[in-house]
Amino acid sequence: MKVADIEILQLPKIEDERGNLTFLESENHVPFKIKRTYMIYDVPGGEIRGSHAYKKLDEVIVALSGSFDVVVDDGAATRTITLNRSYNAAYIPHGLWRTLQNFSTNSLCLVLASTEYDEEDYIRDYNDFLRYNSNEK
Ligand code: TYD
């Protein structure tokens with residue numbers, strides 16, 4: 001995978017004087033079947049989460065509140081996506097090294113994942129990731 005395979009998804013936004021509403025459907029607005037969701041929150045200032053790659057897992061990341069950066073690296077190029085709107089989402093396919101950083105105070109990150117949790121799917125060492133990537137080509 002390449003950083004060019006990342007997509008910024010525009011989720012539906014129903015504007016209303018009573019408050020706005022955004023929704024998403026598995027295999028529709030999210031381009032895979034959602035098997036799991038998790039949240040990252042209460043991140044202390046300056047902390048970094050998720051410096052790793054997945055072999056199979058695809059994900060969609062949303063900033064439900066606040067803002068943070070998703071930094072994605074394919075071994076040749078990096079791309080930084082700042083998420084700060086509930087109706088924008090980052091689609092990150094498997095095979096990319098990704099880091100979440102620059103969390104604002106009280107930010108809330110929602111991750112929609114295409115697989116159940118499987119530690120075997122993680123590549124947690126950057127040099128292992130580079131080796132894995134070159135073997136995939
Ligand atoms: P991890 O994905 O390693 O988060 P980060 O890369 O941001 O540090 O997850 C942290 C811990 O939480 C790890 O011990 C595994 C556990 N975990 C689950 O049990 N289920 C899950 O769905 C997730 C995402 C993590």
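How far does a polar side-chain atom of Y122 lie from an oxygen atom of the ligand? In this predicted model, the separation comes out at 2.6 Å. Two arginines make similar polar approaches: R49 places a polar side-chain atom 2.8 Å from a ligand oxygen, and for R124 an N or O atom of the side chain is 2.8 Å from an oxygen atom of the ligand. On its own the ligand would expose 520 Å², and the protein buries 59% of that.

Stepping back to the whole shell, the ligand is surrounded by R36, Y38, R49, G50, H52, Y117, Y122 and R124. By residue class, that set splits into three nonpolar, two polar and three charged. Two of the strands involved, β4 (36-41) and β5 (49-54), each provide at least two shell residues. Of the contributing elements, β5 gives the largest share, with three residues.

From β5 the trail leads on to β10. These two strands pair antiparallel over two bridges, and H52 has R98 as its bridge partner in β10. H52 also belongs to the ligand shell, so to speak a shared point between the ligand site and the β5–β10 pairing. Strand β10 also pairs with β7 (residues 68-73), again in the antiparallel sense, through five bridges. Here V70 stands opposite L100 of β10. As for burial, β10 (residues 97-101) is largely enclosed by the rest of the structure, because four of its five residues are buried.

Technical notes:
Residues are numbered from 1 along each chain as its sequence is written. This is a predicted model: local features need pLDDT of at least 70, side-chain atom pairs count only at pLDDT 80 or more; totals for chains, interfaces and linings use all residues. Side-chain values use heavy atoms; hydrogens and water are left out. A residue is near a molecule or strand if one of its heavy atoms lies within 4 Å of it. A polar contact is a pair of N or O atoms within 3.5 Å; within protein, one must be able to donate a hydrogen and the other to accept it, and residues adjacent in sequence count only if both atoms are side-chain atoms. Accessible areas come from the Shrake-Rupley method with a 1.4 Å probe; for residues, only the protein chains shown count as cover. Ala, Val, Leu, Ile, Met, Phe, Trp, Tyr, Cys and Pro count as nonpolar, Asp, Glu, Lys and Arg as charged, and the others, Gly among them, as polar. Buried means under 20% relative accessible area, exposed over 50%, partly exposed in between (1.4 Å probe, protein chains only). Two strands pair if DSSP finds at least two bridges between them.
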